[in-house]
Amino acid sequence: MAEAKQKKSAFIALVGRPSVGKSTLVNLLCGEKVAIVSSFPQTTRNAIRGIVTKEEGQLVFVDTPGRHVSEKKLNKKLMEVSDRALDDSELILYVVDASRIPGAEEEAIALRIAGSQKRTIVGINKTDLPAVDVRPYFQFIKEKLPEIPLERCFKISCVTREGIDALLACIFEMAGYGEAFYPEEYYTDQDISFRIAEIIREKAVNRLRQELPHSLYVEVADAELRESKTGAERQTLWVRAFIITERESQKGMVVGKGGEMIKTIRQTAQKELNRIFDWKVELDLRVKTGKDWRHNDTILRRIIDR
Ligand SMILES: Nc1nc2c(ncn2[C@@H]2O[C@H](COP(=O)(O)OP(=O)(O)OP(=O)(O)O)[C@@H](O)[C@H]2O)c(=O)[nH]1
Ligand SMILES: [Mg+2]
């Protein structure tokens, strides 16, 4: 009898500046929406696992907050999340944005992973954008991370899928042999309340301006599974959630004129939740203030360390 082929298994931490496309890439690799995406920097606030199981084995991608230099309490907390993922994963996927030039922040990241070059793969993302020039990044890698060979630097696009298959093949190649961590049908291990809160946050962040995206978080306060009245339809998951703003004056902007803004956030979130879950999701969405929550250690621990 032929011996069963050994399977690959690895955790891969994504690292990069804010908005380079880490979460978009994890979603593309997993073939499902695992992590929320927006054009605002530092959208991701947690280590979010996205799982890819194929014939070759299983890869667990760990999405992380974008690395940014700032002494603010929230940012320091986000950097801890990124640091932990880098330390705890076998491989590192370093994502850069080809449409921006590498600067001081990029150098700080290169310095952070300089000791891990042997286990790092580079994705030079957004190559679909007009007039992008990838040469500065190849030069940057050559200078700052010289132990990463060219063959491990991939020009990629999450829009056209350029380079994605080659990147994935390289990661499988570098991964060690081992048992799968999750059943093969899993594409994430997030709990339901967290996923619901994140999707609401995404819908809010993508509609709000200025400081607001950074000033809010979402909490699921209550959830209840209800049988459908006829028994014929799917069960309803009733959820009460709060969008929590930092200041009282921000509540009005989240609610919007005549309640239009919160209604749109609720409807778009509900639509996506209905697609993701087997239940019919019914959202009761409200707004409240958690004064200066970004400076409150207890709240930061609750929403970021989880
Ligand atoms: N044109 C183009 N846009 C992209 C690509 N990948 C991501 N984006 C866009 O870039 C923006 C940021 O994407 P995210 O995936 O949220 O970036 P991130 O690195 O996870 O950001 P943080 O969580 O803030 O660190 C979004 O508007 C995406 O739609 C790409 O390959 N091409
Ligand atoms: Mg992200």
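Trainee: Which residue has a polar backbone atom 2.7 Å from an oxygen atom of ligand 1?
Mentor: This is a predicted model, in which local features need pLDDT of at least 70 and side-chain atom pairs pLDDT 80 or more, while totals for chains, interfaces and linings use all residues. Residues are numbered from 1 along each chain as written, chains are lettered from A and ligands numbered from 1 in written order, and side-chain values use heavy atoms, without hydrogens and water. The pair is a polar contact (N or O atoms within 3.5 Å), and its protein partner is Cys-158.

Trainee: What percentage of the area that ligand 1 exposes when taken alone does the protein bury?
Mentor: Accessible areas come from the Shrake-Rupley method with a 1.4 Å probe. Taken alone, ligand 1 exposes 660 Å². The share buried by the protein is 86%.

Trainee: Which residues are the protein donors of the magnesium ion (ligand 2)?
Mentor: Donors are N, O and S atoms within 2.8 Å of the metal (3.2 Å for Na, K and Ca); water is not among the atoms, so sites may look incomplete. Here OG and OG1 atoms lie 1.9 to 2.1 Å from the ion. One donor lies in helix 1 and the other in the loop between helix 1 and strand 2, so the pair ties together parts 21 residues apart in sequence. These donors are Ser-23 and Thr-44.

Trainee: Is Ala-131 buried or exposed?
Mentor: Ala-131 has a positive phi of about 60° although it is not a glycine, and it is found in the loop between strand 5 and helix 4. Buried means under 20% relative accessible area, exposed over 50%, and partly exposed in between (1.4 Å probe, protein chains only). At 82% relative accessibility, Ala-131 counts as exposed.

How values were computed
Helices (H or I, at least four residues) and strands (E, at least two) are DSSP runs, numbered from the N terminus. A polar contact is a pair of N or O atoms within 3.5 Å; within protein, one must be able to donate a hydrogen and the other to accept it, and residues adjacent in sequence count only if both atoms are side-chain atoms.
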